[in-house]
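Biologist: Could you walk me through a few side chains in this protein? I'd like the reasoning along with the answers.

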Amino acid sequence: GAAARAAGSAPVEVPHGVLSRDQLTEAVHTGLVSSVIVAMPDNYGRLMGKRYCAKYFVERNVDHTHACDYLLTCNMNMDPVQGFAYSSWDSGYGDLEMGADFSTLRACGWNTNEAIVLCDAHDVNSQEKVPFAPRSVLQKQLASADSFGGLKANMASELEYYVYKESYRAATTKNFVNLTPNGTYAEDYHILQGSRGEPLNMRVRDALSRMGIVVENSKGEYGVGQHELNVEYGDALRAADNHILFKHTFKEIAEQLGISVTFMAKPYTEQAGSSCHIHLSLANADGSNAFVGNETCGSVPNCSETFRHFLGGWMKYTPELMVFYAPTVNSYKRFASASWAPTSLTWSRDNRTAGFRVVGVGTKALRIECRLPGADANPYLAFAASLAAGLTGVREKIEPPAPTDGNAYEAAAAAGGSKIVLPTTLGEAAERFAASEFAATAFGAHVRDHFAHFYANEWKEYSAAVTDFERSRYFEQI
């Protein structure tokens, strides 16, 4: 590095992809990186942390920092919420330790003068990982998969989002009413209309690529101003990390462009919802697809017993874990007939009306797509729920219900999967999660109780709020 600088050939940009600590140090010393973000995901999947002076970070070999432990209990508005065993006014709101996972270190795609490293939450005294931290919840399930003869989970999340011409600040000033969509008509796969989103989407594709996140493609979606961008599948923890970096990158670049993007599950009644379809397969220790075999399950040939039982477990326990797929009060408004969002717990081969869609049939890419989660899902928790349920199915040899053929919206009443009833509100989902012995066994009773209280509080705050619907309906006429 010194010789290159002396020769006047110092690097002009930070290397793309994941950085080593030596590469970061080189980038700091050549003036390419001035700050380092140290961050962890919170219960909503937002990044929380600090910005370090890059020179201080590399010269002091910073590998952890402290933060208030209320970050794993507060609500969306950062209000301290009481009733948690982990953190409260009574406990004094002490510190947790954010330990850097340097395998996630990279330059920020939205601002190449910054680098970012993701962290795990540790107890400051025991140094054990905090079990309630979303990243820890997923890591526990990945360890469970590994105990099955070295099984590895390969996953991907398909995220949809709406783009509006107003900035976030302007949208707030307008109370998020009458915003201008970036498009003017439904643009599903539409190249011309989709081009109007390129000032944002192209920059995000390039930014993610620079960060070492492999982008496959982007496309227009069914709603007006709605898009989808897909990144390559991979190891489940990395896929979850990529998911939150994806969302954060979109918001940072939208802010720079003076526009806004939302990952709400259902931002407006008249438009389609935004999903987060989860694609999942298991890999054997030798890298082969554990879902591929010599059996037939319904209309799916060349599948394995592992595939069949994983699907059975995933479907059986999903109703108890819906808070991890649909974590906000808005989530449940996405589930509507003929909306591209599922309304029943059914499965089928390559059928977008079913809750579980089996794709890659007859190939080495055989996988299960769960179409239940919305774009508001926390990927660590949604992935953990999927693995916990599916692996239990493998362990207990749970059979899936009969597949649904044709229109699952209409056929649900006659389908085997329709016997499993899904929660229809966050309040109901939180109650079922709180009472779930399965959740207590899979995640730990203390983790179940922590998140049950978290989601129950979200529902409580919503239930106490006076809405625009109430004013428009009752103000004059009641």
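Modeller: Happy to; what follows is a short chat about one histidine and some aromatic rings, and bear in mind that the model is predicted.

Biologist: Is H277 buried or exposed?

Modeller: H277 sits in strand β12, which covers residues 276–283. Its relative accessible area is 5%. Buried means under 20%, so H277 counts as buried.

Biologist: Which side chains make polar contacts of 3.1 Å with the side chain of H277?

Modeller: H277 touches a number of residues further off in sequence, among them R334, E369 and C370. For polar contacts at 3.1 Å, the side chain of H277 has one with the side chain of S275, and another with that of E369.

Biologist: What kind of aromatic pair do F324 and F443 form?

Modeller: The ring centres are 5.6 Å apart and the planes stand at 70 degrees. Planes over 60 degrees apart count as edge-to-face, so that's what this pair is: edge-to-face.

Biologist: How many residues apart in sequence are the parts that this pair ties together?

Modeller: F324 belongs to helix α10 (residues 322–325), while F443 belongs to helix α14 (residues 437–443). Both are buried. The pair therefore ties together parts whose separation in sequence is 119 residues.

Biologist: And W459 with Y462, which helix are they in?

Modeller: Their rings make a tilted pair, 5.5 Å centre to centre with 40 degrees between the planes. W459 is partly exposed at 28%, and Y462 is partly exposed at 30%. They're three residues apart, about one turn, and both lie in helix α15.

Terms used
Residues are numbered from 1 along each chain as its sequence is written. This is a predicted model: local features need pLDDT of at least 70, side-chain atom pairs count only at pLDDT 80 or more; totals for chains, interfaces and linings use all residues. Side-chain values use heavy atoms; hydrogens and water are left out. Helices (H or I, at least four residues) and strands (E, at least two) are DSSP runs, numbered from the N terminus. Buried means under 20% relative accessible area, exposed over 50%, partly exposed in between (1.4 Å probe, protein chains only). A polar contact is a pair of N or O atoms within 3.5 Å; within protein, one must be able to donate a hydrogen and the other to accept it, and residues adjacent in sequence count only if both atoms are side-chain atoms. Contact means heavy atoms within 4.5 Å. Rings of Phe, Tyr and Trp (its six-membered ring) pair if their centres lie within 6.5 Å; planes under 30 degrees apart count as stacked, over 60 as edge-to-face and the rest as tilted. Lists of a residue's contacts leave out its neighbours within four places in sequence.
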